[in-house]
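The exercises below are meant to be worked through with the sequence and the three-dimensional model open side by side. Try each task before reading its solution.

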Amino acid sequence: MNAKSAATGRWYQALAEAQAALTAHALATVVTVAGSAPRGAGSKMLITPDTLHDSLGGGRLEQLVVERARGMLARGQSGCLLEEIALGQHAQQCCGGHVQVLIELYPALAPRLALFGAGHVGQAIVTLLAPLGWQIDWRDSRPEQLTAATTPAGCEGRVERQAFNILTDLPTAKAAPASESLPVMAGSHVLVLTHDHVEDQALIAALAPRDDLASLGLIGSSSKWARFRQRLRSDLEEHQIARVRCPIGVPGIPGKRPEEIAIGVVAELLQIEARRSDEAAVNSPDKATGHGASLQGTSAQGTSLDSHGLTRQGARQLRAHFAPDAMHQTETTQKAE
């Protein structure tokens, strides 16, 4: 593990911070021990995509658990997973015991919006979404406009502002969509509503080819989108253009005031995010099997860390075999702690 991932701090402090910030994390707990093992039952570790807090004893056992948890968090999986690990066979650790580790997964709970435009409608959208826990990456080519824009009280940590002008930072509409200069994280919802139609079109041209966005919306009328669509056809494929929603917002709200437009746009975003969450729950690998998948593929028989993992029956047999030594190991581990 690199220095960035080194175990630091206490797990309960890190757990409280991660849950308050709505960031992805996993809590790993040693629930049973048979034979000799690095740590006793009840040992815990908090795992995030970048850091570790406390320890399960180090070595290959800990590495396997961390890799497993981070892989599942990266796929947005949630729930609980019970891992059966024979330390000698699977972790190549000389102590040779057997442990069960419970991994509780908490994916990032906050949807993310990349919002281009800090005008009246953009400010109204932030006012509505930030209190709902959304993370907002707010961009505008006018630094003074971003500075003057307000954020709801208590939501400052959820709104990250950055002056960005695609016409200078990404000079052409043909700039690589995956360029690091384009400040949009994968999985984000994106709304384009700048003060300049030229900026709007350049942003859409750069963003529409990306298939890793949750959604992509452009403010404007049907006639505006018809003109944009005709111009974009020289650079984009039809399926890429089809990713763009324009006009944005739920139908049936006749008002044109910024707050009224924002209500319709936010309602549409909430609907889209709800559908995504439902689809993710239905398509989760753990839904199909009722338990975790192995590192080499889904195991229909057990919950092991690799393709040679123990079945539940095998785990019970192994625990029974080691039972005379289990109490001695637990007492020794507790004294060592």
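A pocket, as the word is used here, is an open set of grid points with protein on both sides within 12 Å along at least five of seven lines, and its lining residues are those with an atom within 4 Å of a point. The model to which this is applied is a predicted one.

**Exercise 1. Describe the second largest pocket by its volume, its lining and the classes of its residues.**

Solution. Begin with the volume: the second largest pocket holds about 340 Å³ of space. Next, turn to the lining, which is made up of 15 residues, with P247, I248, I253, K256 and I261 lying nearest the centre of the pocket. Finally, sort the lining by class, which gives 8 nonpolar, 5 polar and 2 charged residues.

**Exercise 2. Locate P247 in the chain and state what kind of peptide bond joins C246 and P247.**

Solution. P247 belongs to the loop that runs between β11 and α10 (258–283). The peptide bond between C246 and P247 is cis, with omega at about 0°.

**Exercise 3. Place S221 in the fold, decide whether it is buried, partly exposed or exposed, and list its contacts.**

Solution. First, find S221 in the loop between β10 (215–218) and α8 (222–232). Its relative accessible area is 35%, and because the partly exposed class lies between 20% and 50%, S221 is partly exposed. Then look for contacts beyond four places in sequence, where S221 touches C246 and P247. As a check on distance, the C-alpha atoms of S221 and I248 are 8.8 Å apart, although 27 residues separate the two along the chain. Lastly, a polar atom of the S221 side chain lies 3.2 Å from the backbone nitrogen of K224.

**Exercise 4. Which residues touch the most other members of the largest nonpolar core, and which elements build that core?**

Solution. The largest nonpolar core has 25 residues, and those touching the most other members are F116, V190, V192 and L207. Two or more residues of this core come from each of β6 (112–116), β9 (189–192), α7 (197–207), β10 and α8. The largest share, 6 residues, is supplied by α7. To see one member in detail, take L207, which, apart from neighbours within four places in sequence, is in contact with F116, L182, V184, V190, V192, L213 and L216. A second core, separate from this one, comprises 23 residues, among them L115, A124, L129 and W134.

**Exercise 5. Work out how far α7 is covered, and by what.**

Solution. Count the buried residues: 8 of the 11 residues of α7 are buried, and the helix is therefore mostly covered when buried means under 20% relative accessible area. These are E199, D200, A202, L203, I204, A205, A206 and L207. The covering elements include β6, α6 (166–169), β9, β10, α8 and β11 (244–245). At the start of the helix, a side-chain oxygen of D196 comes to within 2.8 Å of the backbone nitrogen of V198.

**Exercise 6. How many cavities of 30 Å³ or more does a search of the whole structure find, and which residues line the largest?**

Solution. Rolling a probe the size of a water molecule over the atoms shows where empty space is left. The search finds 1 cavity of 30 Å³ or more, and about 40 Å³ of space lies in the largest cavity. Its lining consists of F116, G117, R139, D140, S141, F164, T194, H195, E199 and L203. Two or more of the lining residues come from each of β7 (135–140) and α7. By class, the lining divides into 3 nonpolar, 4 polar and 3 charged residues.

**Exercise 7. Compare the settings of two aspartates, D137 and D54, and say whether each is buried or exposed.**

Solution. D137 is found in strand β7, whereas D54 lies in strand β3 (residues 52–54). D137 has a relative accessible area of 5% and is buried; D54, with a value of 17%, is buried too. For D137, contacts beyond four places in sequence are made with R112, L113, A114, L115, E160 and M185. For D54, the backbone deserves a look, since phi is near 70°, a positive value in a residue other than glycine.

How values were computed
Residues numbered from 1 in each chain as written. Predicted model: local features only at pLDDT ≥ 70, side-chain atom pairs only at ≥ 80, totals over all residues. Heavy atoms only, no water. 1 Å grid on protein atoms, 1.4 Å probe; cavity = no way out; pocket = protein on both sides within 12 Å on 5 of 7 lines; lining within 4 Å. Points joined across faces, edges and corners; volume = space filled by probe spheres on them. Nonpolar A, V, L, I, M, F, W, Y, C, P; charged D, E, K, R; others polar. Helix = DSSP H or I, 4+ residues; strand = E, 2+ residues; numbered from the N terminus. Buried < 20%, exposed > 50% of the residue type's maximum accessible area, 1.4 Å probe, protein only. Contact = heavy atoms within 4.5 Å. Polar contact = N/O pair within 3.5 Å; in protein donor to acceptor, adjacent residues only side chain to side chain. Core = buried A, V, L, I, M, F, W, Y, C linked by side-chain atoms within 4.5 Å.
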